[in-house]
Every structure is written in structure tokens, then in C-alpha cells.
Amino acid sequence: MRVVIEKDADAVAVRAARFVADLVRRKPACVLGLARGETPLGLYRELIRLHREEGLDFSRVTTFNLDEYVGLEVTHPQSCRHAMQQNLLRHVNLDPARTHVPDGLSLDFESSCQQYEQMICDAGGIDLQVLGIGSDGHIAFNEPGSSLGSRTRVKSLTGETLRDNARLFGSEDLVPRLAITMGIATIIESRRCLLLATGSGKASAVRSAIEGPMTAQVTASALQLHRDAIVVLDEEAASWLTRRAYYAEVEATQALLETGQWRQLGIGKQAAPA
Ligand code: F6R
């Protein structure tokens with residue numbers, strides 16, 4: 001897992017947007033996995049800026065969102081479809097026909113979840129999946145105890161998630177109890193995962209996910225299995241990590257490698273022993 005630590009939430013947004021923009025430029029018909037929630041809002045603002053000011057072109061991009069509440073009309077301000085529309089989709093040149101959110105209104109859960117998996121598969125799989133992390137370590141709505149082999153399905157939300165989300169609905173009673181969510185196995189199959197976390201409220205979950213054992217009790221820890229998982233944190237979210245210095249060293253080395261500064265890495269300084 002690559003751990004990138006930035007000064008604050010704004011720097012996290014800019015750094016994360018660079019990973020997304022690089023992909024969109026390299027592969028214009030890429031498939032992006034998107035997350036809702038507060039954490040990626042800065043990333044979406046930066047992508048909108050890149051679209052407007054630097055012509056970042058989303059016209060051939062396909063998107064799949066991680067999850068949707070069950071039972072919320074798509075016009076409800078807290079529905080995932082509505083939130084994504086407001087925060088990203090309507091501000092860039094994405095083709096609406098290529099933007100996908102799980103169907104929270106179909107009561108035929110099983111077939112609508114299977115269809116969602118099939119659509120991801122038909123699109124060629126997700127190239128880059130953006131993720132936030134819950135304070136209990138969940139990714140998407142894979143609450144503690146979710147199978148690490150899970151696929152898209154309906155989940156009951158935990159009390160902690162209901163409390164965390166109460167601020168968005170005005171009261172805990174109004175938070176839907178169920179959500180359709182991509183499973184951990186669905187997420188892990190993405191070619192790259194990009195998890196963002198900001199603020200001290202995420203520090204404990206971040207430490208468990210990155211430095212703790214891999215466990216279904218902290219579903220973000222499944223990213224430890226992923227071959228290309230990048231975690232971008234601000235200093236507060238990174239504050240409980242014990243190996244911060246090492247992560248910074250790796251990033252500094254990476255920057256030297258990317259700019260070809262071999263001698264600074266000690267490469268070529270030593271003659272082979274006689
Ligand atoms: C959103 C999602 C959730 C959030 C997580 C953190 O699609 O799947 O896992 O990423 O609950 O939410 P925020 O960013 O609001 O703290």
C-alpha cells in the first residue's frame with residue numbers, strides 16, 4: 001500500500017485529482033469508481049477546475065458509484081445520485097448515460113445487484129476506484145463484519161454509520177437503515193484503489209486499515225491485499241500511524257525515481273568491488 005501524507009484537506013484533494021486526471025489523460029475511455037460523502041468533495045471540486053481551466057475531458061469516461069441508500073428518491077438531496085449530480089456530474093462533460101449508481105428503489109435487490117456487477121464487468125472493470133473511509137473503518141457501506149469476499153448487495157447500516165450520517169439527514173431517525181453497496185471483492189478487483197481520509201476523526205480507522213491486521217472488522221484493511229492501493233491522507237488523519245517517517249521516505253524516493261535523479265539515490269556512485 002502506498003501512503004501519501006499531505007499537509008491538509010486541500011492538498012489531499014489536489015494530489016488525489018492528479019491521480020485521477022493522469023488516468024483520464026492516459027486512457028480517455030477509462031472507468032472511474034466514485035464515492036459519495038464529504039471526503040471526496042475537494043477532489044471533485046479540483047476535477048471540475050481541471051475540466052474548466054485545463055480542458056480535462058470526461059466525454060468518454062464511464063463512472064460507477066459505490067453505493068446508494070435503499071428507498072430514497074433520486075431527487076432526495078441525500079441520495080447518492082443527487083449528491084453526485086450536484087457535486088461532480090453536472091459540472092463536467094460526462095455522458096449521463098455512462099454514469100451509474102446502484103438502484104436504491106428497485107425492491108428486486110438480488111437482480112438489481114447482479115445487474116450492477118454485470119454492468120461493471122461489461123464496461124471492462126473499474127480502472128480507478130475512489131474511496132472514503134468510515135470512522136469504523138468501512139469502505140463503501142461494507143460495515144464491520146462484512147465478508148471480504150462480498151459482491152454488490154444490500155447491507156444494514158450500523159448504529160455508528162447512522163449516527164455519523166444523522167447530520168446529513170437532520171436526525172438519526174431519518175437516515176435509511178439499508179444501502180446497496182459494492183462488495184469488498186468488487187472493490188478489490190478495481191485496477192487501482194485510491195482511498196482518501198482527512199481529519200482527526202479518521203485517524204484511528206486509518207491506522208487500523210493500514211497498520212492493523214487484515215480483518216472483516218475493518219473492511220478497509222482488505223486494501224492490504226491490493227496490488228495498487230494508494231492512500232492519500234492529511235496530517236490529522238495520518239496522526240496515529242506509527243510508520244509515518246518511512247512512508248515519507250518512500251514518497252521522497254519515488255519523486256527522485258520519477259525525475260531520474262539516480263545519483264541522489266546512490267545509484268552509480270559505487271564502483272563494483274574488484
Ligand atoms: C460513500 C461511502 C462511504 C464513505 C464513508 C466516509 O460512497 O461509501 O464509505 O466514504 O462513510 O464518509 P465521509 O467522507 O462523509 O466521512
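The exercises below concern helix packing, strand pairing and one backbone angle in a predicted model.

Residues are numbered from 1 along each chain as its sequence is written, and side-chain values use heavy atoms, with hydrogens and water left out. In this predicted model, local features need pLDDT of at least 70 and side-chain atom pairs count only at pLDDT 80 or more, while totals for chains, interfaces and linings use all residues.

**Exercise 1.** Describe how helix α1 and helix α2 pack.

Solution. Start with the elements: helices (H or I, at least four residues) and strands (E, at least two) are DSSP runs, numbered from the N terminus. Two packed helices are described by the angle between their axes and the distance between the axes. Axes are lines fitted to C-alpha atoms, for helices over the stretch in contact, and angles run from 0 to 180 degrees between N-to-C directions. For α1 (residues 9–26) and α2 (residues 41–54) the angle is about 50 degrees and the axes are 8 Å apart. α1 is therefore oblique to α2 (under 35 degrees is roughly parallel, over 145 roughly antiparallel, 65 to 115 roughly perpendicular, the rest oblique).

Next, list the contact (heavy atoms within 4.5 Å). On the α1 side it includes Ala-13, Val-14 and Arg-25, and on the α2 side Leu-43, Glu-46 and Glu-54 are among the residues met. The residues of this contact divide into 9 nonpolar, 1 polar and 3 charged (Ala, Val, Leu, Ile, Met, Phe, Trp, Tyr, Cys and Pro are nonpolar, Asp, Glu, Lys and Arg charged, the others, Gly among them, polar).

**Exercise 2.** Find the strand order of the open sheet of 3 strands, and its edges.

Solution. Strands pair if DSSP finds at least two bridges between them. The order is β4-β8-β7, with antiparallel pairing. β4 (67–69) and β7 (153–156) each have a single partner strand, so one side of each has no neighbour in the sheet. The twist averages 30 degrees from one strand to the next. β7 and β8 (residues 178–181) are joined over 4 bridges, and Lys-155 stands opposite Ala-179 in β8.

**Exercise 3.** Is each face of strand β3 (residues 62–65) buried or exposed?

Solution. Take one side: Thr-62 and Phe-64 are buried (under 20% relative accessible area; exposed is over 50%, partly exposed in between, with a 1.4 Å probe and protein chains only). On the other side, Thr-63 and Asn-65 are buried as well. β3 pairs with β2 (residues 31–34) in the parallel sense over 4 bridges, where Gly-33 stands opposite Phe-64.

**Exercise 4.** Characterise the phi of Ala-140 and its surroundings.

Solution. Most residues other than glycine have a negative phi. Ala-140, not a glycine, has a positive phi of about 50 degrees. Ala-140 lies in the loop between β6 (128–131) and β7. Its relative accessibility is 9%, so Ala-140 counts as buried.
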